[in-house]
Amino acid sequence: MLEVGFDAANLLEVLEGASFQDIDELAFGLVVMDRAGDVVFYNADEAARAGLSADRVIGRNFFESVGPCTNNYLVAQRFLDEPDLDEFVDFVFTLRMAPTPVRLRMMASAGSPRQYLAVLDR
Amino acid sequence: MTKERPQGVSAELEGLLQFLYVCPVGLVEFDDAGTIHRINPEAVNLLIAAVGVTPFGNIFDVLGASGAELRELLTAAPLDAGRIVNEYLVRPEPAGLRALSLNVVRVSSDRVMAMITDVSAMQLRSSLAEALASASGANDAAARVCALTNVLLGAGGAAVYERSDGGGWLCLGQSDELVGGGAEASDGSGGPSHEAFQRGAIVTVRTRAEVVGRYSKWAAHHAEACATVAVPMFGSQSSEGPMTGHVLELWFRDDPGFDRQYFNNLELMASDISRFFERARSSELLRESEQFTRRVLDNLATFVGVVTTDGVLTHVNQAPLTAAAITADDVLGRKFWDCPWWNYAPDVQAKLERAVHRAAGGEIVRYDATIRVAGDKRLVVDFQIAPLLDDRGVVTHLIPSGFDLTERTAAESERDQVHQRLSQLQRLGALLSAAAFPADVCAAAAVVVKEAFAADRCAVGFESGDQLKLFTLPGADEQRGSWTTIPLPIQVAMDGCTLATPAAGIDRATVNALWGVVVEGMASSIFVPLGGDGTLAVMHASSSTLRESERDLLDAMSHLVSSALERARLHEAAEVDRAEDTRALARAEFLADAMARIAMVDGVAARLQMLVDLLVPSMADYATIEAPDQANPVLALAHRDRTLIGRSAQLGAHSHITVPLDLGGGMKGALLLELSDVDRRPFDAHDLALARHVGDRAGILLARARLYEEEHNISLRLQRALLPDQLVRHRDVVLTARHEAAGPMLEVGGDWYDSFTWPGGLVGLVVGDVAGHGIEATAAMGRLRSAVAAFAPLIGPDPAALLDALDLFMRGPNGTRYATACCAVFDPSSGELRYSSAGHLPMLVLSPNGRTSWLDDAQAPPLCQLPIDHRPSGSVVLERGALLVQYSDGLVERRGEALDVGLSRLEEAIRRLTSVGLDDIANRLVDHFVASHPIEDDIVVLAMRYDPT
């Protein structure tokens with residue numbers, strides 16, 4: 001059980017060394033993608049929020065088919081443009097088309113094969 | 001947040017939800033108050049992109065100004081209406097790329113659904129199409145695109161670059177709000193160079209360092225930019241081969257929210273722009289191609305026709321008809337050579353007819369032909385007439401064709417002109433190199449220049465010191481050139497001498513007026529100053545201007561002529577120096593000769609006349625010697641044209657010299673020389689110098705002549721004083737005497753005579769001659785006569801003794817070097833005459849019967865020449881009425897004549913004077929001799945008639 005919060009300064013560092021098991025147990029939603037945006041891991045908290053099972057999501061491109069509402073310059077473009085990234089943004093998810101205010105944390109480190117999107121209800 | 005998973009029957013609903021969820025159309029469900037209840041991801045993305053905020057809460061607030069309007073529309077719409085708003089356009093403020101279209105429908109009494117579509121691309125393309133449609137040319141299009149991107153894409157600045165042929169980038173146009181949209185010329189180096197352009201990818205640069213480093217040209221602006229975007233517009237042909245096309249570059253101060261949609265729109269826009277440029281280029285190529293084709297057709301197919309083998313024109317294309325302003329009916333069916341293109345000259349027709357016959361024989365004939373076209377103009381064509389053979393090789397028709405050669409002919413003509421000019425220059429150079437003197441240069445230049453410029457008149461002149469020489473071609477005789485020489489004004493005054501030339505009103509204005517005469521009747525004249533004080537004038541009767549090439553030629557020719565003229569002037573100056581030496585010698589000879597001639601005449605007046613006679617015409621046309629203070633001031637005058645003597649001396653003269661002349665005896669005068677003949681070279685300084693010398697030398701001769709004249713007068717008066725006032729009076733003899741002095745410039749001699757009486761009635765007669773002239777001879781004569789007069793009473797009536805006494809006297813201090821004398825004593829009572837002669841001429845006796853006899857005995861040497869003890873004496877008895885004549889040698893002696901001739905003349909003269917009274921005899925004798933011969937010496941005659949009572 002990883003004792004690390006959504007706002008933890010060292011979250012990206014922790015995640016880079018964490019196992020999927022650890023990530024699955026996090027108290028906030030977390031999407032692990034490769035650098036092209038394809039979903040590598042979808043944790044339990046996020047699966048519950050979106051109403052989507054992990055096995056339906058893993059392997060698909062997050063920005064295009066899983067969370068298309070993030071396919072804009074506020075989210076997707078940031079991952080595309082910035083190799084090193086650790087930013088917060090207030091956003092609205094359209095889970096079942098009901099506007100759901102969330103707080104997002106976008107994380108990526110240059111050289112890493114992964115990038116992370118953390119989700120917290122607000 | 002529910003975490004239930006869809007189960008069983010709800011699976012269908014789940015599917016429907018998923019359908020709506022991924023629907024590529026934005027869907028938003030909200031109530032009448034605007035609160036969003038459902039929204040799909042596409043709607044979120046569209047709204048985020050359009051308004052820049054995450055859509056949550058109230059849709060009307062999200063949409064800003066458009067939302068308020070939408071709220072009113074919604075309120076106003078009836079509740080039962082299905083569709084409330086159709087294609088409602090939302091353009092966020094400030095205006096940008098994004099544009100959304102909303103279709104709003106009422107789903108239920110309290111729910112409304114909006115379908116949102118992105119129409120920014122349509123909007124963009126429509127604006128773009130509108131802007132480009134009105135663009136004129138690539139640069140204008142680029143400027144419009146840039147302006148549009150500033151508005152629609154929210155860019156801070158934009159530029160359109162074109163890949164230039166050299167591989168660089170040419171800025172077609174740009175807008176930059178920071179510099180007021182002014183165009184900034186690009187040298188190509190500032191254009192995009194990133195390799196990504198070549199891959200056709202949009203490049204986004206977001207760091208300041210990169211911006212500044214890569215776009216140094218825009219560095220100042222880009223330093224404030226948060227992003228720049230380069231949009232390649234390579235069109236269809238960019239995939240392979242060298243990169244062509246355009247690049248749209250944008251930079252942003254504020255992040256416009258780059259996303260896929262944004263870039264999609266950029267790409268759309270780029271593709272539209274690219275297509276525009278391609279179309280523009282295509283149409284340009286097409287236009288060029290059309291023009292080329294038209295040119296080809298216009299120029300090549302000048303003339304195509306069909307002619308029968310016997311020369312009848314059966315077909316012809318439109319071009320030659322149009323050119324000649326005729327119709328096909330005018331020419332078809334006629335012999336080809338009778339058509340208007342050819343029938344302006346028989347030889348042209350004949351040549352064509354021959355060509356037709358040769359072509360009919362199977363030959364292709366080709367030559368440059370000149371055809372007549374509209375307005376009776378001529379057109380040179382490359383003409384060909386070729387036979388058309390059938391499959392058996394028989395000539396069935398002839399095909400004439402002609403191509404306009406006007407341009408080629410013009411070029412050849414231009415080339416010919418260049419050659420012609422070169423050859424004219426060469427000819428001029430050759431002629432000039434052979435021209436030794438300025439006159440030759442002028443003549444050569446006039447001939448070549450006149451020909452080279454087809455001038456109607458050409459004049460070349462130069463000024464040398466005292467004259468203007470002008471060669472005009474054609475000259476007065478209309479063909480050959482003629483020379484005009486105009487003396488230039490000169491004034492010299494020194495030492496009382498003046499040289500004025502010309503005097504007849506030829507001054508600077510006259511010289512200029514001469515040039516005015518040269519250009520008379522000419523419409524245009526070009527004056528070119530030459531070196532060596534020359535001027536070249538090219539004149540045309542009709543107004544004409546020189547073309548640039550002709551001006552160049554004139555310049556070149558002027559330079560040649562200038563240097564030749566300067567060289568010739570130097571050459572001439574050297575020649576003049578040599579000629580001047582010759583002239584100086586001639587002047588010296590003239591001076592010596594003139595002075596010798598003047599010295600040979602006696603008397604001032606004669607010498608003055610001789611002087612002017614010598615000066616005219618050799619030196620002047622008119623010469624006078626004037627003494628202003630005399631009653632009649634003109635002392636001597638000579639004129640070349642005798643008929644003009646007496647007219648005003650100033651009249652018609654163009655050159656004057658005045659020098660002072662010492663007339664002797666304190667008289668001051670002046671020698672005036674004038675030239676009136678315009679063909680004669682005016683006086684120059686050398687002439688003035690010569691005139692001064694003549695004046696000086698003549699003055700000396702005149703002074704001397706005047707001295708002689710004065711001395712002569714004194715001698716004459718003295719001689720008259722010394723001769724006896726009267727002769728002896730005796731009742732049986734009559735005596736008469738005459739003394740005649742020599743000419744005015746000849747010295748008075750020493751001739752004398754005297755008579756005495758002795759007691760008893762004896763009469764003594766003496767005639768003598770003292771050698772020498774002048775006052776001294778006269779004085780000696782006086783002394784000798786006094787001695788005889790003194791001796792006679794003492795010695796008595798013995799002629800030999802008297803001469804013996806004179807010998808003694810002559811040896812004394814009062815004697816003289818040489819003298820002759822004849823002494824006679826006559827006894828009237830017996831008629832006996834005794835006599836003795838000391839070297840004197842014999843006396844002559846004329847008897848009353850007319851017989852003459854010379855008393856030539858009793859001769860002894862002249863006085864005091866030899867020691868003589870006693871002189872001889874002779875005697876003769878004179879008849880009553882006999883005449884005795886004693887005389888001096890001046891009466892009978894002539895230069896170059898034997899004495900006997902003179903004596904015979906005297907003898908004859910005496911005989912003819914028998915009837916003359918004795919009183920007149922001496923006078924008549926002298927007059928007779930003086931009349932026949934000028935007096936060369938003094939003359940004394942003493943005559944006695946024996947007339948006893």
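How many salt bridges does the rule find across the interface of chain A and chain B? Zero. Hi everyone, thanks for coming. Before going on, please keep in mind that this is a predicted model.

So what does the interface have? There are two residue pairs in polar contact between chain A and chain B, with both at pLDDT 80 or more. On the side of chain A that touches chain B, the elements giving two or more residues are α3 (44-50), α6 (76-81), β3 (85-95) and β4 (98-108). The largest share there comes from β3(A), with five residues. If you sort that side of chain A by class, you get 13 nonpolar, seven polar and seven charged residues.

Now the overall extent. Chain A brings 27 residues to the contact, and chain B brings 28 residues. Between them the two chains bury about 2,600 Å², and 60% of that lies on carbon and sulfur atoms. Within chain A, the residues losing the most area to chain B are A:Y73, A:R96 and A:M97, which together make up 29% of what that side buries.

Let me finish with one residue in chain B that you can find on your screens. B:E353 sits in helix α13 of chain B, which covers residues 346-360. Is B:E353 buried, partly exposed or exposed? B:E353 counts as partly exposed because its relative accessibility is 31%, and the range for that class runs between 20% and 50%. Have a look at B:D310 too: B:D310 and B:E353 are 43 residues apart along the chain, and their C-alpha atoms are separated by 9.5 Å.

That's my tour, and I'm happy to take questions.

Methods: Residues are numbered from 1 along each chain as its sequence is written. Chains are lettered from A and ligands numbered from 1 in the order in which they are written. This is a predicted model: local features need pLDDT of at least 70, side-chain atom pairs count only at pLDDT 80 or more; totals for chains, interfaces and linings use all residues. Side-chain values use heavy atoms; hydrogens and water are left out. Helices (H or I, at least four residues) and strands (E, at least two) are DSSP runs, numbered from the N terminus. Buried means under 20% relative accessible area, exposed over 50%, partly exposed in between (1.4 Å probe, protein chains only). Contact means heavy atoms within 4.5 Å. Buried area is the accessible area (1.4 Å probe) that two parts lose on being put together, summed over both. A salt bridge is a side-chain nitrogen of Lys or Arg within 4 Å of a carboxyl oxygen of Asp or Glu. A polar contact is a pair of N or O atoms within 3.5 Å; within protein, one must be able to donate a hydrogen and the other to accept it, and residues adjacent in sequence count only if both atoms are side-chain atoms. Ala, Val, Leu, Ile, Met, Phe, Trp, Tyr, Cys and Pro count as nonpolar, Asp, Glu, Lys and Arg as charged, and the others, Gly among them, as polar.
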